[in-house]
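Here is a short back-and-forth on how the labels given to a structure are earned. Each reply sets a value against its cut-off and draws the conclusion.

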Amino acid sequence: MNAGPVVIVGGGLAGASAAEALRDRGYDGEVILLGVERHLPYERPPLSKSVLLGDKEVGSAYVHDQTWWRDHDIDVRTGVEVHSVDLAGRRVVTSAGEQPYEWLVLATGSEPRHLRLADEADAPVHYLRTVEDSLALKDSLTDGAKVAIVGAGWIGLEVASAARAAKAHVTVYETADLPLLAVLGPEVAQHFADLHTAHDVDLRLGAAVSSEDLSDADVVVVGIGAAPRTELAEAAGLAVDDGVLVDELLRTSDDRVLAIGDIANQQHPVLGRRVRVEHWDNAIGQGKAAAATITGAAEPYAKVPYFFTDQYDFGMEYFGHTGPAGYDRVQTRGDFNGPFRAWWIRDDVVVAAMQANDWDASDETRAIVGQAPPPD
Ligand SMILES: Cc1cc2nc3c(=O)[nH]c(=O)nc-3n(C[C@H](O)[C@H](O)[C@H](O)COP(=O)(O)OP(=O)(O)OC[C@H]3O[C@@H](n4cnc5c(N)ncnc54)[C@H](O)[C@@H]3O)c2cc1C
């Protein structure tokens, strides 16, 4: 075992997962989790779903309670910002002083991309990343409010769903011709357009939003994607290119520093190329894999990307990654509002698969990815 301390920068899901997995693997050195937010580590998916809908309290999103962290001897320091990393001296400089490390795990996540036009609008503008963002937005989604959402990605569409549940009037602006077009392709993206139209969302597709569009809104929500928080890594001199570059074991260009979660641009052993994944499952899995690397188990992180969404009564899971090479054809089965399946196929290999409204189908859907030739 290493002498420690393992210092983890970023108290989000990936950082929390790494800390927990170190203890699961029997690591008995010091583990310090430094996070600038004033919360214990929490999961973000509920912030655009159950918490935003008012169905669940914020506490339900916490990864563990205070007692659990204490019982596992993990030193979670909230409200502490890491200002810089000294690779040669193996220490970080924080708002609470200096902290040496034996291993450093960077898990600084991502932050919403801003849209100046929206920031300059008269109506209050919301971005959605933190607990505070979610609670503030929830208060704005009221009966009859005119809500303008910029971006028909996952966050924009989940907010649209929550806003309709609150009986707000919802308009969604999207430059692409369909919601989620880049991720799903037109065949399946069209179903998402239909789903929202059926719930009386006014979808304005294929055009950039203008100031005039927003002038009439009571609330503006911007969901145009997120950017990895790589400033620390870059300033330290680590290799960065659309995220912190890591190998199959999540090691950065400094072999005592790992990067995981939203910021990690990983050489993926199964996909055979680099990929940076901004999803819940990846944060958990890479946290576990980082603990394996630190404890000498050297298990490459090889899971294919996975994500899920809930909108209205519709829920889905998607496994795989079509990537820059795209796909040749899509096969679907079933009704989108009932049990539904879709498979994206390239060169007779299933590169991605999705199930909707049928959670028993998860394992089978996951297992199909990579199959060649595709099952009948
Ligand atoms: C509203 C919302 C809904 C989502 N829904 C889904 C979903 O349904 N399905 C899905 O698969 N994924 C979803 N995601 C994505 C998923 O939550 C992220 O992929 C995941 O949170 C990434 O975890 P992370 O630990 O890498 O980053 P984060 O969760 O962003 O955590 C990083 C933490 O590091 C802190 N930090 C950054 N810099 C410093 C510093 N210098 N010093 C100290 N602390 C620092 C940040 O404040 C933050 O707390 C959603 C994300 C959001 C925002």
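Domain bounds here come from an automatic or database domain assignment. The model is a predicted one.

Q: Which domains does the assignment give for the protein?
A: There are domain 1 (6-111 + 226-294), domain 2 (114-222) and domain 3 (313-368). Between domain 2 and domain 3, the C-alpha centres are 25 Å apart. Their contact takes 10 residues from domain 2 and 12 residues from domain 3, with contact meaning heavy atoms within 4.5 Å.

Q: How do you know that the length of helix H1 (residues 13-24) fits its 12 residues?
A: Count 1.5 Å a residue, applied to one less than the number of residues. That gives an expected span of 16 Å for H1, and the end C-alpha atoms are 16 Å apart, so the two agree.

Q: What makes H1 largely enclosed by the rest of the structure?
A: Buried means under 20% relative accessible area, and 10 of the 12 residues of H1 are buried, so the label follows. Among them are Leu-13, Gly-15, Ser-17, Leu-22 and even Arg-23. The cover over these buried residues includes strand S1 (6-9), strand S2 (31-35), helix H3 (66-71), strand S3 (74-78) and helix H10 (280-294). After H1 comes Gly-26, with a positive phi near 85°.

Q: Why is Ser-134 called buried or exposed, whichever applies?
A: Ser-134 has 0% relative accessibility, so it counts as buried. Ser-134 sits in helix H5 (residues 131-140), where Val-131, Leu-137 and Ser-140 are buried too. Setting aside neighbours within four places in sequence, Ser-134 contacts Leu-47, Val-51, Leu-52 and Leu-128. Covering the buried residues of H5 are, among others, helix H2 (50-53), strand S9 (125-126), helix H6 (154-165) and strand S13 (219-222).

Q: And what is the call for Asp-310 at 33% relative accessibility?
A: Partly exposed runs between the 20% and 50% cut-offs, so Asp-310, at 33%, gets that label. Asp-310 belongs to strand S19 (residues 306-311). Not counting residues up to four places away in sequence, Asp-310 touches Lys-49, Glu-158, Gly-315 and Trp-359. Arg-341 is 31 residues from Asp-310 along the chain, and their C-alpha atoms are separated by 16 Å.

Q: What makes a space a cavity, and how many of 30 Å³ or more does the search find?
A: In a cavity a 1.4 Å probe fits but cannot get out. The search of the whole structure finds 1 of 30 Å³ or more. The largest cavity holds about 50 Å³ of space. Its lining divides into 5 nonpolar, 4 polar and 1 charged, and includes His-268, Asn-282, Tyr-301 and Lys-303. Strand S17 (264-268) and H10 each supply at least two lining residues.

Q: From which domains does the lining of the second largest pocket draw at least three residues each?
A: They are domain 1 (6-111 + 226-294) and domain 3 (313-368). This pocket has a volume of about 170 Å³. Strand S23 (residues 349-356) gives the largest share of the lining, 3 residues. By class, the lining has 7 nonpolar, 2 polar and 2 charged residues. Arg-273, His-321, Arg-346 and Gly-370 are among the lining residues. Arg counts as charged, while Gly counts as polar.

How values were computed. Residues are numbered from 1 along each chain as its sequence is written. This is a predicted model: local features need pLDDT of at least 70, side-chain atom pairs count only at pLDDT 80 or more; totals for chains, interfaces and linings use all residues. Side-chain values use heavy atoms; hydrogens and water are left out. Helices (H or I, at least four residues) and strands (E, at least two) are DSSP runs, numbered from the N terminus. Buried means under 20% relative accessible area, exposed over 50%, partly exposed in between (1.4 Å probe, protein chains only). On a 1 Å grid over the protein atoms alone, a cavity is a set of points where a 1.4 Å probe fits but cannot get out, and a pocket is an open set with protein on both sides within 12 Å along at least five of seven lines; lining residues have an atom within 4 Å of a point. Grid points are joined across faces, edges and corners, and a volume is the space filled by probe spheres set on the points.
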